[in-house]
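Student: Could you take me through the aromatic rings in this one, with the geometry spelled out? I'd like a close look at how they pair up and what sits around them.

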Amino acid sequence: MLAFITCLLPLFALMASAFLSRLGPDPAKSLVDATGLWTFRMLLICLAMSPLRLLTGSSSWISYRRMLGLFAMFYGALHLLSYGVFLLAGDLGMLSRELVKRPYIIVGFSAWLLMLPLAITSTRQWQKRLGRRWLLLHRLVYGIAVLGMLHFIWLKKIGIWAVWPYAVILVALFMMRLPEIKRLIMQARSKIQSENAR
């Protein structure tokens, strides 16, 4: 319950800022930027659950992965909604022009579309129904993270330097999934545990 409420805190903060008129000179853009940023942050935190299990030896981290993935989807939906309602005012004609002018929107929307099947099949029932195919399907999260990173970099226009902390975290999370790195971490953890047991 605490983790659920914590994931809602960014939304509460945005709502409070909107209510108190503290979203800056361009509130619509602030909402779009903040919801997009929290979408990517939730995705990174979700990806961090397996490395945390590896580092700590505790499988309890995995129990949060589904919730975090759904919150990434939720903030992504808010991001799209904020963009469509507040920046485009629901104008589909303007959307088509924006897609031509700003193709990074296509990249971001593609990432969100790929999250849809993951959200739909996130339950245990779907996991049992799909079997091994469930694992293959949910590996889409890596592609989603890359698309989100590209969307982020492209949006900032000045490239990777504007978003380097997130890029470093994403690369580190990917590297920790490599068999060689996993083996080294497990060896280091075993050594620390044996030393502590003395």
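Tutor: Here is a walk through the ring pairs, the charges over rings and one helix packing. This is a predicted model, where local features need pLDDT of at least 70, side-chain atom pairs count only at pLDDT 80 or more, and totals for chains, interfaces and linings use all residues. Residues are numbered from 1 along each chain as its sequence is written, and side-chain values use heavy atoms, with hydrogens and water left out.

Searching the whole structure turns up nine aromatic pairs. Rings of Phe, Tyr and Trp (its six-membered ring) pair if their centres lie within 6.5 Å; planes under 30 degrees apart are stacked, over 60 edge-to-face, and the rest tilted. One of the pairs is F40 with F152, edge-to-face at 5.9 Å centre to centre and 70° between the planes. That pair ties together distant parts of the chain, 112 residues apart: F40 sits in helix 2 (residues 27-47) and F152 in helix 9 (residues 140-156). Helices here are DSSP runs (H or I, at least four residues), numbered from the N terminus. F40 counts as buried because its relative accessibility is 5%, and F152 is buried too, at 12%. For the cut-offs, buried means under 20% relative accessible area, exposed over 50%, and partly exposed in between (1.4 Å probe, protein chains only).

Y142 and F174 make another edge-to-face pair, with 5.8 Å centre to centre and 85° between the planes. It also links distant parts of the chain, Y142 in helix 9 and F174 in helix 10 (residues 164-175), 32 residues apart. Y142 is partly exposed at 32%, and F174 is partly exposed at 27%. Elsewhere, ring pairs join F4, F71, F74 and Y75 into a cluster.

Now for charges over rings (NZ of Lys or CZ of Arg within 6 Å of the ring centre and within 35 degrees of the ring normal). R41 lies over the face of W38, 4.6 Å from the ring centre, and R129 lies over the face of W126 at 4.5 Å.

W38 also turns up in a helix contact (heavy atoms within 4.5 Å): C7, P10 and L14 in helix 1 meet L31, A34, T35, W38 and M42 in helix 2. The residues of that contact split into seven nonpolar, one polar and no charged. Helix 1 (residues 2-19) and helix 2 pack at about 175°, with axes 11 Å apart, so they are roughly antiparallel, a label for angles over 145 degrees. The axes are lines fitted to C-alpha atoms over the stretch in contact, and angles run from 0 to 180 degrees between N-to-C directions. In that nonpolar tally, Ala, Val, Leu, Ile, Met, Phe, Trp, Tyr, Cys and Pro count as nonpolar, Asp, Glu, Lys and Arg as charged, and the others, Gly among them, as polar.

Notes
Helices (H or I, at least four residues) and strands (E, at least two) are DSSP runs, numbered from the N terminus. Angles under 35 degrees count as roughly parallel, over 145 as roughly antiparallel, 65 to 115 as roughly perpendicular and the rest as oblique.
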